[in-house]
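Visitor: I'd like to learn how to read a model like this one, feature by feature. Could you walk me through it?

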Amino acid sequence: MSYQPLVSIIIPTYNRRIELAELAESLYRQTYKNLQIIIVNDCGPSVDFIQELYPELAIQIVNMPQNLKHVHARNRGLQEVKGDFIMLCDDDDLLLPIHIERMLQEIEGYDLVYPDVEIFDYVYENNARSITDRFVFAYEFDVTAMRRFSTFFSSGCIFRPEVIDALGAFDTDVFHYWDWDFFLRAAEQFRVKRAPIASVLYAFSQQGSSNMSGQLDNMRPFLDMLSAKHQLGELPTKNFFLLLEEPEVKARQAVTELIWDGKPIRSRLSK
């Protein structure tokens with residue numbers, strides 16, 4: 001690729017020093033370098049240390065005046081975008097070294113591309129996360145099926161700014177399901193594609209709280225709101241891992257390219 005488009009990466013964060021440093025390390029290791037890294041600190045402890053830790057990266061820090069949670073933080077990040085493409089990433093997830101280069105190849109002829117992921121469990125040791133378990137999350141792209149159970153993870157997805165121009169900001173009202181809502185709205189109007197490569201590592205710790213593990217009662221009102229918005233009908237509130245065992249979900253499992261060697265990504269905090 002002779003022309004090197006600028007990729008704007010939006011990272012909302014709140015009090016995740018170790019995780020944010022590991023994400024920065026994964027960005028430092030990217031084979032593709034023309035990046036605008038927008039870290040939106042959601043009124044948590046200062047994250048200025050990340051610029052000192054990784055001076056090679058073009059990091060811009062936006063400080064929210066009050067804690068409004070991650071969807072508002074992402075929307076604030078959208079206001080700072082200067083790139084030809086936008087990429088989203090949660091502060092505790094990781095991008096494998098060829099991820100951005102590969103997504104730029106995959107998006108040719110499309111408007112939004114999302115990768116497969118490997119989900120990893122971990123424990124904290126010496127200012128770092130040590131991997132305790134991993135499994136592949138890869139499912140066929142099927143919009144009808146994804147109205148029942150979304151297999152879209154926002155971390156590592158890339159899209160053209162025109163998508164936001166047309167759809168507007170992320171919907172803060174559906175909160176827990178903002179990413180599902182974004183996917184459904186984008187798929188209605190734009191060319192969307194799944195890239196069959198597990199180039200993102202999605203963090204899940206059974207030690208803490210997670211959208212994937214519990215809080216179903218808290219999430220139900222937002223699921224009902226999402227369903228009403230998109231006429232999805234009655235949606236199950238089962239635990240994420242139980243949903244993966246449903247026959248209709250298992251039938252959509254897909255082959256993907258595995259590129260992770262299983263080693264943790266150690267940041268400069270741990271050295």
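Visitor: Let's start with a cysteine. Is Cys43 buried, exposed or partly exposed?

Guide: One thing up front: this is a predicted model. To place a residue, look at its relative accessible area, where buried means under 20% and exposed means over 50%. Cys43 has a relative accessibility of 38%, so it counts as partly exposed.

Visitor: And where does Cys157 fall, buried or exposed?

Guide: Cys157 has a relative accessible area of 0%, so it is buried.

Visitor: Why is there no bond between Cys157 and Cys89?

Guide: The test is distance, since a disulfide needs two cysteine sulfur atoms within 2.5 Å. The closest cysteine sulfur to that of Cys157 belongs to Cys89, and at 9.5 Å it is too far away for a bond. Searching the whole structure turns up zero disulfides.

Visitor: Let's zoom out. How many helices and strands are there in the protein?

Guide: The protein has 10 helices and 10 strands. For overall shape, set the radius of gyration against the globule rule: both come to 18 Å for 271 residues, so the protein is as compact as a globular protein of that length. Along the principal axes, the C-alpha atoms fill a box of roughly 50 × 40 × 40 Å.

Visitor: What share of the residues is buried?

Guide: Buried residues are 56% of the 271. You can also ask how far along the chain the contacts reach. Counting contacts with a separation of 6 or more, 77% join residues 24 or more positions apart.

Visitor: What about the surface and the charges: how much area does the protein expose, and how many side chains are positive or negative?

Guide: About 12000 Å² is exposed, and carbon and sulfur atoms supply 48% of that. There are 27 positive and 39 negative side chains, with the centres of the two sets 2 Å apart.

Visitor: How do I read a single helix, say H4? Which of its residues are buried?

Guide: Start with the general picture: an α-helix has 3.6 residues a turn, so residues three or four places apart point the same way. Now the case here: His99, Ile100, Arg102, Met103, Leu104 and Glu106 are buried in H4. That is six of the eight residues of the helix, which spans 99–106, so H4 is largely enclosed by the rest of the structure.

Visitor: Now backbone angles. Which residue other than glycine has a positive phi near 55°?

Guide: That is Asn126. You'll find Asn126 in the loop between strands E6 (112–124) and E7 (129–137), and at 72% relative accessibility it counts as exposed. Lys69 is another non-glycine residue with a positive phi, of about 80°. Lys69 sits in the loop between strand E3 (59–63) and helix H3 (70–78) and is partly exposed, at 44%.

Visitor: Loops next. Is Leu232 buried or exposed?

Guide: Check the number rather than the loop label. Leu232 lies in the loop between helices H8 (216–230) and H9 (240–243), yet its relative accessible area is 13%, so it is buried. Leaving out residues up to four places away in sequence, Leu232 touches Arg147, Trp180, Leu184, Leu226 and Ser227. Its C-alpha is also 7.1 Å from that of Arg148, 84 residues away along the chain.

Visitor: One last residue: which residues does Lys193 touch?

Guide: Lys193 is in strand E9, residues 192–203. With residues up to four places away in sequence left out, Lys193 touches Glu106, Tyr110, Leu112, Val113 and Tyr114.

Terms used: Residues are numbered from 1 along each chain as its sequence is written. This is a predicted model: local features need pLDDT of at least 70, side-chain atom pairs count only at pLDDT 80 or more; totals for chains, interfaces and linings use all residues. Side-chain values use heavy atoms; hydrogens and water are left out. Helices (H or I, at least four residues) and strands (E, at least two) are DSSP runs, numbered from the N terminus. The radius of gyration is taken over C-alpha atoms; the globule rule is 2.2 Å times the number of residues to the power 0.38. Buried means under 20% relative accessible area, exposed over 50%, partly exposed in between (1.4 Å probe, protein chains only). Contact means heavy atoms within 4.5 Å. Accessible areas come from the Shrake-Rupley method with a 1.4 Å probe; for residues, only the protein chains shown count as cover. Lys and Arg count as positive and Asp and Glu as negative; His and the chain ends are not counted. The place of a charge is taken as NZ of Lys, CZ of Arg, CG of Asp or CD of Glu.
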